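Me: I'm new to this one, so could you walk me through it? I'll ask short questions as we go.

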Amino acid sequence: MTVLHELHSPVDGTIDLAASSEERSALARVRAAVARLAGGGAVLLCDDAEWPTHGEILFAATDADAPLMAFAIRHGSGFLQVALPASRCDELDLRPQAGADRGGLQQCVTVDARGGIGTGISATDRAATVRLLASRDSSPDSFTRPGHVVPIRADMDLPATEFGFTEAAIALTDRAVAGMAAVLGAVVGIEDPTTMASGAELVRFSSDHGLPLVTLGDVVIDHAVSVTFDQTVALPRGDARLMSFLDDGLECLCLIVGDVRNRSDVPVHVVAAEQILAEPTTTALGPRVQMAIGAGLATDLLTRPLHLRVHDPRSAVRRVLRRAGVRSIRVVTATGSTGWGGPGLADFRRPGE
């Protein structure tokens with residue numbers, strides 16, 4: 001892990017880690033979408049809840065049938081895509097189309113089911129092909145190429161904050177235990193079908209057709225923290241919990257010493273990674289948190305210092321601290337050494353304390 005050697009001074013003030021109205025709304029939208037997907041229905045995946053500029057009809061590929069396909073075809077001008085993890089595309093020998101890598105999207109050579117269909121163009125035939133793409137029993141020989149269904153590769157190794165529609169769609173169907181394959185169809189304009197639907201049109205479309213609306217940002221807030229390491233370690237003053245996780249592409253180490261739950265004035269120290277297991281340079285004897293944040297993926301922490309990351313509802317740092325029992329943080333400037341000789345000390349408190 002590469003550790004930065006400088007931090008901006010944090011801004012004094014209390015940061016409440018309890019779920020904000022934004023987070024509660026996002027999680028409620030995700031719950032509604034997951035419930036609909038788990039029941040075999042469709043949802044509307046948008047880029048924003050208040051004023052979306054793009055919306056995709058989304059349903060699990062395992063649930064594809066003629067009515068769902070016909071609905072998506074009718075409102076998506078006939079063009080549908082099936083999002084699959086890149087690893088599954090490789091297993092099925094679904095190769096990217098030449099010149100199809102536009103804006104990070106990797107459309108694959110179109111396919112049809114090898115058997116059991118007619119021309120391949122009907123909603124019934126395309127549903128059969130889509131279900132075959134979602135089946136774990138399928139092989140490269142299960143399909144003919146070219147066809148009428150467009151597979152698209154999803155990079156599920158991306159940080160959730162970088163998810164596009166393909167990755168978010170799979171995250172939602174996976175969350176609904178409906179498989180890691182999703183059908184997507186962009187909604188065309190209602191008043192002007194020569195354009196794509198946006199703004200109030202998409203909100204109205206969601207309402208008129210009873211489709212739960214969920215956004216890319218909602219998926220990020222709901223996405224499970226990518227914990228790469230979580231283990232109890234023995235320190236001279238007792239056991240501690242050492243965790244490694246990713247936050248917006250940054251690798252973070254968090255050492256939770258003692259029980260921080262139901263305690264006030266629990267400090268967090270930002271330290272160098274190699275000092276994470278050392279006794280902190282402080283006279284505090286009570287529970288504490290030590291954190292080291294690396295510069296993974298060439299991301300510059302100085303553009304988003306720790307106190308800003310804790311503010312962000314999409315931040316894994318915020319969610320890990322909440323998981324540990326921390327409910328609010330009063331950020332102050334350190335008066336002592338934090339391992340770098342710079343600011344980085346923050347006092348953690350629970351609400352009302």
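Me: Which residues of α4 are buried?
Reply: Keep in mind that this is a predicted model. In it, α4 is mostly covered, with 9 of its 12 residues buried. Going along the helix, the buried ones are A123, D125, R126, A127, A128, T129, V130, L133 and A134.

Me: And what do the buried residues of α4 pack against?
Reply: Both helices and strands turn up here, and α2 is one of the partners. The full set for those buried residues is α2, β4, β7, β8 and β9.

Me: How far apart are the end C-alpha atoms of α4?
Reply: You can work out what to expect, because a helix should gain 1.5 Å a residue. For the 12 residues of α4 that gives a span of 16 Å, and the model agrees. The end C-alpha atoms are apart by 16 Å.

Me: Which residues touch the most other members of the largest nonpolar core?
Reply: As background, nonpolar side chains tend to be buried together in soluble globular proteins. Here the largest nonpolar core has 35 residues, and α4 is among the elements that give two or more residues to this core, along with β2, β3, α2, β4, β8 and α6. The members with the most contacts inside the core are L44, I57, F59, M69 and L133.

Me: Leaving aside neighbours within four places in sequence, what is M69 in contact with?
Reply: M69 is one of the core residues that touch the most other members. Its contacts beyond those neighbours include several α4 residues that are buried, A123, R126, A127 and V130. The whole list is F59, A64, L80, A123, R126, A127 and V130.

Me: How many residues are in the other core?
Reply: This other core lies apart from the one around M69. Among its members are L58, A160, L184 and V220. Its size is 27 residues.

Me: Which residues are closest to the centre of the largest pocket?
Reply: The largest pocket holds about 300 Å³ of space. Its lining divides into 11 nonpolar, 5 polar and 5 charged residues, and β12 and α9 each supply at least two of them. Closest to the centre are L158, P159, A160, H223 and S226.

Me: Which element gives the most to the lining of the second largest pocket?
Reply: The second largest pocket has a volume of about 230 Å³, and H223 is one of the residues that line it. Elements giving two or more residues to its lining are α1, α7 and α9. The top contributor, with 3 residues, is α9.

Me: Which residues does the cis peptide bond join?
Reply: Most peptide bonds are trans. This bond has an omega of about -5°, and its proline, P146, is found in strand β8. The two residues joined are R145 and P146.

Me: Is S77 buried or exposed?
Reply: S77 is found in the loop between α2 and β4, and has a positive phi of about 55° although it is not a glycine. The cut-off for exposed is over 50% relative accessible area. S77 has 56% relative accessibility, so it counts as exposed.

Me: And where does V177 lie?
Reply: V177 is another residue other than glycine with a positive phi, near 55°. Its relative accessibility is 75%, so V177 counts as exposed. V177 lies in the loop between α5 and β9.

Key
Residues are numbered from 1 along each chain as its sequence is written. This is a predicted model: local features need pLDDT of at least 70, side-chain atom pairs count only at pLDDT 80 or more; totals for chains, interfaces and linings use all residues. Side-chain values use heavy atoms; hydrogens and water are left out. On a 1 Å grid over the protein atoms alone, a cavity is a set of points where a 1.4 Å probe fits but cannot get out, and a pocket is an open set with protein on both sides within 12 Å along at least five of seven lines; lining residues have an atom within 4 Å of a point. Grid points are joined across faces, edges and corners, and a volume is the space filled by probe spheres set on the points. Helices (H or I, at least four residues) and strands (E, at least two) are DSSP runs, numbered from the N terminus. Ala, Val, Leu, Ile, Met, Phe, Trp, Tyr, Cys and Pro count as nonpolar, Asp, Glu, Lys and Arg as charged, and the others, Gly among them, as polar. A nonpolar core is a set of buried Ala, Val, Leu, Ile, Met, Phe, Trp, Tyr and Cys residues joined through side-chain atoms within 4.5 Å. Buried means under 20% relative accessible area, exposed over 50%, partly exposed in between (1.4 Å probe, protein chains only). Contact means heavy atoms within 4.5 Å. The expected span of a helix is 1.5 Å times one less than its number of residues.
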